[in-house]
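User: Please examine the following protein model and answer my questions on its fold and packing.

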Amino acid sequence: MVIAKTSDSYMMASKAGFKTVGIGQNVRSTLVKAHAESRVVVGMANAIRSLTENPNNYQFCFMVPPQHNDSGAHMQEVLLEAFCFENDIYIIKVDSAEKLSRLLGSSDLASCALVNKPINHSTTNAGSELQFSRSENILIDHCELHWDEPVKPIIKLPEK
């Protein structure tokens with residue numbers, strides 16, 4: 001997404017001190033770290049099954065927009081987005097199923113990936129907050145900035 005300097009989104013991002021430059025690298029870092037920690041569910045069917053069982057476990061839903069002529073995939077995308085929105089799961093649209101699959105080491109083409117909330121290793125305080133990585137915090141800020149937008153920006157994933 002290209003943001004014109006005069007747009008409201010740009011003004012809001014500037015006021016918040018938030019820059020979207022390099023957001024694709026933060027997506028990459030989050031996905032790679034979550035994959036290494038076995039906190040990722042890959043694929044639309046697996047994501048729907050996992051969300052049905054316990055939606056409170058998930059922080060992010062990474063989605064690749066379907067092809068323009070695939071109405072079935074579009075309907076799944078819309079329903080998944082609505083479910084995520086209702087359950088306060090951040091939706092991040094990415095530009096390529098191939099790149100998403102490569103980042104997650106999946107041999108199948110992944111159109112969707114869910115990332116679990118981080119495991120809190122602190123046992124001293126039962127009410128303590130989750131510990132997010134720097135890249136996860138940046139993505140949370142990005143998602144909060146675009147939460148109410150009906151069309152989410154598409155993040156370009158790094159080539160490598």
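User: What area does the protein expose, and what share of it do carbon and sulfur atoms supply?

Analyst: This is a predicted model, in which local features need pLDDT of at least 70 and side-chain atom pairs count only at pLDDT 80 or more, while totals for chains, interfaces and linings use all residues. Residues are numbered from 1 along each chain as its sequence is written, and side-chain values use heavy atoms, with hydrogens and water left out. By the Shrake-Rupley method with a 1.4 Å probe, where for residues only the protein chains shown count as cover, the protein exposes about 9,600 Å², and the share from carbon and sulfur is 53%.

User: In which order do the strands of the open sheet stand?

Analyst: Helices (H or I, at least four residues) and strands (E, at least two) are DSSP runs numbered from the N terminus, and the protein has six helices and five strands. Two strands pair if DSSP finds at least two bridges between them. With mixed pairing, the five strands of the open sheet take the order E1-E4-E2-E3-E5.

User: Which strands stand at the edges of this sheet?

Analyst: E3 and E5 run parallel and are joined by two bridges, with valine 94 opposite isoleucine 155. E1 (residues 40–42) pairs with E4 in the antiparallel sense over three bridges. Each edge strand has a single partner, so one side of each lacks a neighbour in the sheet; these strands are E1 and E5 (154–155).

User: Why is E4 largely enclosed by the rest of the structure?

Analyst: Five antiparallel bridges link E4 to E2, where methionine 63 stands opposite cysteine 112. Buried means under 20% relative accessible area, exposed over 50% and partly exposed in between (1.4 Å probe, protein chains only). E4 is largely enclosed because the buried residues among its five number four.

User: Which residues touch the most other members of the largest nonpolar core?

Analyst: A nonpolar core is a set of buried Ala, Val, Leu, Ile, Met, Phe, Trp, Tyr and Cys residues joined through side-chain atoms within 4.5 Å. Elements giving two or more residues to the largest core include H2 (23–36), E2 (58–63) and E3 (90–94). Among its 25 residues, those touching the most other members are Val27, Leu31, Phe60, Phe62, Ile92, Val94 and Leu100.

User: Which residues does valine 27 touch, not counting residues up to four places away in sequence?

Analyst: Contact means heavy atoms within 4.5 Å. With residues up to four places away in sequence left out, valine 27 touches Phe62, Ile92, Val94, Leu139, Ile155 and Leu157.
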